[in-house]
Amino acid sequence: MRLHNMADASVRARCDRLAAMNIVITGANRGIGLELVRQYLARGDSIHAGVRMPERSNELAALVESSGGRLRISACDVALEPSVRAFAASVAGPVDLLINNAGVRSRERADGVEALDLADATRTFEVNALGPLRLTGALLPMLRRSRGAKIANISSGLGSIDNSSGGAYGYRMSKAALNMASRSLAQDLKDEGIVTVVLSPGWVQTDMGGSDAPTPVTESASGLIGVIDRLTPKDSGGFFDFRGERIPW
């Protein structure tokens, strides 16, 4: 099943695109986050990019000069409360779209539970599950200032309980927790008109996904943008892939 009333939503999305958006994207220094920045800038939106180490974000920094002032870069470590608070304080104006993209892959030495590095799994959970909640809470006043704000939490099909391959304990558990957090946010914010969804970018050709991945990062990012454009309040709380197909929880 695809997004609710996709045809009607697409028409509304084209109308909404008459106005540029103010967007916050975390993990914007590489991979999917960096490509999202490129594509949103290309269509005229303004972006506040959060990265853990701005001084090492050369590709992202190279986009600033050509952005005409529409791209700002600030430090944001979603695992650290002071960093998140400082980042939120640097974000000016209403936020129309928050993309919680920052994430890590757990460093498991083997697929079996006997080799699980619990300290690393805890760090993975701290970044992937609690990080988006920290930033969403900090930016909520600015999301409320937007008309029809959206929150897109970048998850993974590996976070689905429909698990037929096992392994990847820390990563799977962190993304499953993010999925549940997103469902709660959707319920808590629905009366305020803030749409919250979970999106899977697919298996993408990035540093994390590897060169064997079937999906180019440009395709994944453009698909995610299209899905976000088409979202309506009736889609809030959903779990979608980058093609707009629903993913089983």
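The following exchange goes through some named features of a predicted model.

Trainee: Why are F239 and W249 called an aromatic pair?

Mentor: Ring centres must lie within 6.5 Å for a pair. Those of F239 and W249 are 5.2 Å apart, so the two rings qualify. The count by this rule comes to one aromatic pair.

Trainee: What makes the pair tilted?

Mentor: The planes of F239 and W249 stand at 40°. Stacked needs under 30 degrees and edge-to-face over 60, so the pair falls into the rest, called tilted.

Trainee: Where in the chain do F239 and W249 lie?

Mentor: F239 is in strand β7 (residues 239-241), and W249 is in the segment after β7, 10 residues apart from F239.

Trainee: Why is F239 called buried?

Mentor: The relative accessible area of F239 is 1%. Buried means under 20%, so F239 is buried.

Trainee: What makes W249 partly exposed?

Mentor: W249 has 36% relative accessibility. That value lies between the 20% limit for buried and the 50% limit for exposed, so W249 is partly exposed.

Trainee: How do you know that β1 and β4 pair?

Mentor: At least two bridges are required. Strand β1 (residues 22-26) and strand β4 (residues 97-100) have three bridges, in the parallel sense, so they pair. I25 has I99 in β4 as its bridge partner.

Trainee: What is the order of the strands in the sheet?

Mentor: Seven strands form an open sheet, in the order β3-β2-β1-β4-β5-β6-β7, with parallel pairing.

Trainee: Why do β3 and β7 stand at the edges?

Mentor: Each has a single partner strand, so one side of β3 (71-75) and one side of β7 are left without a neighbour in the sheet. On average, neighbouring strands are turned by 20° against each other, direction ignored.

Trainee: Which strands does helix α4 touch?

Mentor: Helix α4 (residues 81-90) packs on the sheet and touches β1, β2 (46-51) and β3. The direction of helix α4 makes about 155° with that of β3. Helix α6 (residues 169-189) lies across β5 (150-154), β6 (195-200) and β7, at about 160° to β6.

Trainee: Is T218 buried, exposed or partly exposed, and why?

Mentor: T218 has a relative accessible area of 42%. This is neither under 20% nor over 50%, so T218 is partly exposed. T218 lies in helix α7 (residues 217-230).

Trainee: Which residues is T218 in contact with, leaving aside its neighbours within four places in sequence?

Mentor: They are E35 and Q39. The C-alpha atoms of T218 and I32 are separated by 8.0 Å, while the two residues are 186 residues apart along the chain.

How values were computed. Residues are numbered from 1 along each chain as its sequence is written. This is a predicted model: local features need pLDDT of at least 70, side-chain atom pairs count only at pLDDT 80 or more; totals for chains, interfaces and linings use all residues. Side-chain values use heavy atoms; hydrogens and water are left out. Rings of Phe, Tyr and Trp (its six-membered ring) pair if their centres lie within 6.5 Å; planes under 30 degrees apart count as stacked, over 60 as edge-to-face and the rest as tilted. Helices (H or I, at least four residues) and strands (E, at least two) are DSSP runs, numbered from the N terminus. Buried means under 20% relative accessible area, exposed over 50%, partly exposed in between (1.4 Å probe, protein chains only). Axes are lines fitted to C-alpha atoms, for helices over the stretch in contact, and angles run from 0 to 180 degrees between N-to-C directions. Contact means heavy atoms within 4.5 Å.
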